[in-house]
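Welcome! Here is a short briefing to help you find your way around a new structure.

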Amino acid sequence: MGEFEGRVAIVTGSTSGIGEATARSLVAAGAKVVVNSSSSVEAGEVLASDLGTSACYHRADVSSEEECTGLVDTALEAFGRLDILVNNAGISGPNVPSWEYPVEDWLQVINVDLTGTFLVSRAVIPGMLERDYGRIVNIASVAGKEGNPNAPAYSSAKAGVIGLTKTLGKELAKSGVV
């Protein structure tokens, strides 16, 4: 039996990099995983297939409340429960000085990296509280602490993720959700 035997996880942004490695590690440790992306449908389907019956793929844009609800519903329908959320989905946006940064790119980065983390967390927490068990892992960056030049939206979004994580930790401190 693996460390996460019987647990079910959603890993957002899991078709490459840290998200893919996390999904693979969770399955190797016994968990069932909902693989997610908003644009890499083929990569998500391939990864889920590669992980076998312990995984399924659900395409969802984490910046959409409705699609986040659908993502959670998929976990519940496919595996009957949800224990773990890894908020990994993120984009970096263009690399330009703040005063030249396009507003539409700013909004997209904030919506995916910060609002997405909020929306998926918001969708999973009530069920976790009801069961008095859940684990939420939010992926941030040192850019959120230090700020990166020419990456104002990414740095700001990751600073927001750090603040949101601290807020959720305090709000959930007396529950079985950490």
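The points below look at one helix, its partner helix and one loop residue. This is a predicted model, in which local features need pLDDT of at least 70, side-chain atom pairs count only at pLDDT 80 or more, and totals for chains, interfaces and linings use all residues. Residues are numbered from 1 along each chain as its sequence is written, and side-chain values use heavy atoms, leaving out hydrogens and water.

**Helix α3 and its faces**
- Helix α3 covers residues 65–79; at 1.5 Å a residue, its 15 residues should span 21 Å (1.5 Å times one less than the number of residues), which agrees with end C-alpha atoms 21 Å apart.
- Its buried residues (under 20% relative accessible area, 1.4 Å probe, protein chains only) are C68, L71, V72, T74, A75 and F79.
- Seen down the axis of α3, these buried residues fall within an arc of 150° (taken from the directions from the helix axis to the C-beta atoms), so they line one face of the helix.
- On the face turned away from that buried side, α3 carries E66 and E77, which are exposed (over 50%).
- After α3 comes G80, with a positive phi near 80°.

**What α3 packs against**
- The buried residues of α3 pack against β1 (8–11), β2 (32–37), β3 (55–59) and α4 (103–131).
- The contact between α3 and α4 (heavy atoms within 4.5 Å) is made by E65, C68 and V72 of α3 and L119, V120, R122, A123 and V124 of α4.

**A loop residue**
- T15 sits in the loop between β1 and α1 (17–28).
- T15 counts as buried because its relative accessibility is 15%.
- Not counting residues up to four places away in sequence, T15 touches several residues, including E20, V35 and Y57.

Definitions and conventions:
Helices (H or I, at least four residues) and strands (E, at least two) are DSSP runs, numbered from the N terminus.
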